[in-house]
Amino acid sequence: MLIERPAQVTMRCCPCCRMPGAVALLHPGEIHNIGVLLGLCARCERSNGRLPRGTVQKRLNAAASLAAGDTSQRYWTARFSDHGAAVLAAHLIGCASTRRDALEAIGWQ
C-alpha cells in the first residue's frame, strides 16, 4: 500500500545571509546590466541598519551577484531585463491590489 505524502515545502533562503527565512524587505538593484530584486530576511534588515554603509553595500553587492546567477530558485531573488523593471516589480509587490499577481509573475508564490 502506497502512502501519499504531501509535497515538501522548502523555505527559500535570504540571498544576503543564505539562511532560510521569510522576506522582510525588498531591495531592487542592478549588477552587470541585469536588474535584480532581492528579498532580504528580517535578520539581515536589522543587521544592515547597524552596520556601516560600506559594509552594507558589500553585502548587497554579493547578494546581487548571487541573484544575477541564481537559476535554482533557492533564494528570494528575481532577475529582470533592467533596473527599472526590478523597481517596478518591488512597487507592484508593495501595492495590496497587485501583490498576488506580481508574486506569481516572478515565481515567489
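Contact here means heavy atoms within 4.5 Å, and helices (H or I, at least four residues) and strands (E, at least two) are DSSP runs numbered from the N terminus. The structure is a predicted model, in which local features need pLDDT of at least 70 and side-chain atom pairs count only at pLDDT 80 or more, whereas totals for chains, interfaces and linings use all residues. Residues are numbered from 1 along each chain as its sequence is written, and side-chain values use heavy atoms, with hydrogens and water left out.

The protein chain contains four helices and three strands, which follow one another from the N terminus in the order β-β-α-α-β-α-α. Its C-alpha trace spans about 60 × 30 × 25 Å along the principal axes. Of the 109 residues in the chain, 35% are buried, where buried means under 20% relative accessible area, exposed means over 50%, and partly exposed lies in between (1.4 Å probe, protein chains only).

In soluble globular proteins, nonpolar side chains tend to be buried together. A nonpolar core is a set of buried Ala, Val, Leu, Ile, Met, Phe, Trp, Tyr and Cys residues joined through side-chain atoms within 4.5 Å. The largest such core has 14 residues, and those with the most contacts inside it are C14, C16, V36, L38, L40, C44 and L60. Two or more residues of this core come from each of strand 2 (34-40) and helix 2 (53-69), with helix 2 giving the most, six residues. Leaving aside residues up to four places away in sequence, C16 touches L40, C44, R59 and A63. A second, separate core of 12 residues includes A86, I93, A102 and L103.

Helix 3 (residues 83-94) has 12 residues and an expected span of 16 Å, which agrees with the 17 Å between its end C-alpha atoms; the expected span is 1.5 Å times one less than the number of residues. In this helix A86, A89, A90 and I93 are buried. Seen down the helix axis, the buried residues fall within an arc of 100°, so they line one face of helix 3; the arc is that of the directions from the axis to the C-beta atoms. On the other side of helix 3, L88 and H91 are exposed. The buried residues of helix 3 are covered by elements that include strand 1 (25-31), strand 2, strand 3 (77-80) and helix 4 (99-106).
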